[in-house]
Amino acid sequence: MSDESLVLHREAGEGDRAKRGGGGERRKGGGQAAFYSGLGDCDAVAPSTTSWSPSPVLGGGSLVVAAARSWLGTPYRHQASIKGVGADCLGLVRGVWREVAGDEPEVLPAYSADWAEVGGRETLLEAAGRWMRPVAADQMRAGDVLLFRMSPGAAVKHCAILSDFDGPEPRMIHAYWGRAVVESWMGVWWRRRLAAVFRFPVPGSASAACAASLTEDDGV
């Protein structure tokens with residue numbers, strides 16, 4: 001993928017610090033340990049006690065990343081999930097699910113843009129737990145689904161797909177509000193808000209078969 005096709009989004013403050021010679025985590029003294037130390041407290045799965053070493057893109061993970069990258073440039077559209085036409089952050093994950101795992105396992109109800117602020121229920125976190133396998137934050141790999149809590153005490157609201165560990169920082173693919181589906185650095189701002197990590201069922205696996213069976217039974 002060319003540099004031109006990679007949209008590198010950073011929080012404005014991080015970009016300013018880098019220009020001033022800061023951002024040492026990206027230049028010297030960074031690496032995997034620095035990345036892990038900057039993670040927020042994942043409240044779905046506690047990090048394992050083993051030393052941290054991200055898994056490579058293997059099996060289903062490579063399929064997920066390839067599928068997610070095919071959505072790059074899709075305009076942001078609330079509640080949409082049509083490649084090249086429109087998608088929000090959940091719509092991207094739904095679209096990738098359809099490509100790598102099959103039919104969506106449940107009917108998605110309508111939701112407003114501020115559903116997480118007014119509802120209070122962990123709707124997105126609960127749905128991810130029903131159909132995907134939770135993964136410890138220190139064991140996440142490319143292709144995993146990342147869930148973010150945008151403010152303390154708020155429900156998990158934003159989701160992305162981890163796409164790469166190469167370079168100064170890991171990258172993720174997500175539908176960025178008001179813009180499009182982009183591939184961006186997973187900088188400190190995002191790492192501090194990471195709430196949970198999940199893994200897609202591998203095609204042909206028992207979990208994928210279970211989701212397909214339930215879909216058929218429910219007439220979805």
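**View 1. Asp-164 and Arg-171 face each other across a strand pairing.** In this predicted model, Asp-164 stands opposite Arg-171 in β6. The pairing that contains strand β5 (residues 158-164) and strand β6 (residues 171-175) is antiparallel and comprises 3 bridges. The two strands form a hairpin with 6 residues between them, and in the turn Gly-167 has a positive phi of about 90°. Elsewhere along β6, Ile-173 is the bridge partner of Ile-161. Strand β5 is mostly covered, with 7 of its 7 residues buried.

**View 2. The sheet is open and its 6 strands pair in the antiparallel sense.** The strands follow the order β3-β8-β4-β5-β6-β7, and the edges are formed by β3 (133-134) and β7 (181-185), each of which pairs on one side only. Helix α5 (residues 89-100) packs on this sheet, where it touches β4 (145-148), β5, β6 and β7, and its direction makes about 55° with that of β5.

**View 3. Strand β4 is joined to β5 and to β8.** There are 4 bridges between β4 and β5, which run antiparallel, and within this pairing Val-145 stands opposite Ile-161 in β5. A further 4 bridges join β4 to β8, again with the strands running antiparallel, and here the residue in β8 that serves as bridge partner of Leu-147 is Ala-196. Strand β8 is mostly covered, since 6 of its 6 residues are counted as buried. Strand β8 also pairs with β3 in the antiparallel sense over 2 bridges, and Pro-134 stands opposite Phe-198 in β8.

**View 4. Helix α7 lies across three strands of the sheet.** Helix α7 (residues 123-131) lies across β4, β5 and β8 (194-199), and it runs at about 25° to β8. The buried residues of this helix are Leu-124, Leu-125, Ala-128 and Trp-131. Seen down the axis of α7, these buried residues fall within an arc of 145°, so they line one face of the helix. This arrangement may be read with the general geometry in mind: an α-helix has 3.6 residues a turn, so residues three or four places apart point the same way.

**View 5. A tilted aromatic pair links helix α5 to a loop after β8.** The structure holds 3 aromatic pairs, one of which is formed by Trp-97 and Phe-200, with 6.1 Å centre to centre and 45° between the planes. The pair links distant parts of the chain, as Trp-97 belongs to helix α5 whereas Phe-200 lies in the loop between β8 and α9 (206-218), 103 residues apart. Trp-97 counts as buried because its relative accessibility is 7%, and Phe-200 is likewise buried, with a relative accessible area of 6%.

**View 6. Phe-148, Trp-189 and Trp-190 form one aromatic cluster.** Within this cluster, Trp-189 and Trp-190 form an edge-to-face pair, with 4.9 Å centre to centre and 85° between the planes. Trp-189 is partly exposed, with a relative accessible area of 23%, whereas Trp-190 is buried, with a relative accessible area of 7%. Arg-193 lies over the face of Trp-189, at 3.9 Å from the ring centre.

Definitions and conventions. Residues numbered from 1 in each chain as written. Predicted model: local features only at pLDDT ≥ 70, side-chain atom pairs only at ≥ 80, totals over all residues. Heavy atoms only, no water. Pairing = 2+ DSSP bridges. Contact = heavy atoms within 4.5 Å. Axes fitted to C-alpha atoms, helices over the stretch in contact; angles between N-to-C directions. Phe/Tyr/Trp six-rings, centres within 6.5 Å; stacked < 30°, edge-to-face > 60°. Buried < 20%, exposed > 50% of the residue type's maximum accessible area, 1.4 Å probe, protein only. Lys NZ or Arg CZ within 6 Å of the ring centre and 35° of its normal. Arc of directions from axis to C-beta.
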